[in-house]
Amino acid sequence: MTVTTTELWICLRCGMIYDPAEGDPDGGIAPGTAFADIPEDWVCPVCGATKTDFVPYED
């Protein structure tokens with residue numbers, strides 16, 4: 001499986017979608033940051049789920 005910086009990730013707890021193009025500026029994650037490059041202690045800005053609660057989003 002190839003992971004790209006444009007791959008979307010979805011939180012299994014609340015459905016929030018992490019878009020690398022947008023990042024999470026309020027959480028200290030700059031736009032353009034691939035999900036794999038997010039620190040392990042980052043949490044979902046909506047529900048507080050950990051990074052392990054996210055899976056690749058497939059529409």
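Visitor: What makes the charged end of Lys-51 one that sits over the ring of Phe-35?

Guide: A charge sits over a ring if NZ of Lys or CZ of Arg is within 6 Å of the ring centre and within 35 degrees of the ring normal. The charged end of Lys-51 is 5.2 Å from the centre of the Phe-35 ring, so the distance fits the limit of 6 Å. Bear in mind that this is a predicted model, where local features need pLDDT of at least 70 and side-chain atom pairs count only at pLDDT 80 or more, while totals for chains, interfaces and linings use all residues. Residues are numbered from 1 along each chain as its sequence is written, and side-chain values use heavy atoms, leaving out hydrogens and water.

Visitor: Which aromatic cluster does Phe-35 belong to?

Guide: Phe-35 forms one cluster with Trp-9, Tyr-18, Trp-42 and Phe-54. The whole structure has 6 aromatic pairs.

Visitor: Why is the pair of Tyr-18 and Trp-42 called edge-to-face?

Guide: Rings of Phe, Tyr and Trp (its six-membered ring) pair if their centres lie within 6.5 Å; planes under 30 degrees apart are stacked, over 60 edge-to-face, and the rest tilted. Here the centres are 5.8 Å apart and the planes meet at 70°, so the pair is edge-to-face. Tyr-18 lies in strand E2 (a strand is a DSSP run of at least two residues, numbered from the N terminus). Trp-42 is in the loop between E2 and strand E3, so the pair ties together parts 24 residues apart in sequence.

Visitor: What makes the pair of Trp-42 and Phe-54 tilted?

Guide: Their planes are at 50°, with 5.3 Å between the ring centres, so the pair is tilted. Phe-54 is in strand E3, 12 residues from Trp-42.

Visitor: How do you know whether Tyr-18, with a relative accessible area of 0%, is buried or exposed?

Guide: Buried means under 20% relative accessible area, exposed over 50%, and partly exposed in between (1.4 Å probe, protein chains only). At 0%, Tyr-18 is buried. Trp-42, at 6%, is buried too, and so is Phe-54, at 4%.

Visitor: How many disulfides does the structure have, and how do you know?

Guide: A disulfide is a covalent bond between the sulfur atoms of two cysteines; the cut-off here is a pair of sulfurs within 2.5 Å. The sulfur of Cys-44 is 3.7 Å from the closest cysteine sulfur, in Cys-14, too far for a bond. For Cys-47, the closest is also in Cys-14, again at 3.7 Å and too far. The search of the whole structure finds 0 disulfides.

Conventions:
Helices (H or I, at least four residues) and strands (E, at least two) are DSSP runs, numbered from the N terminus.
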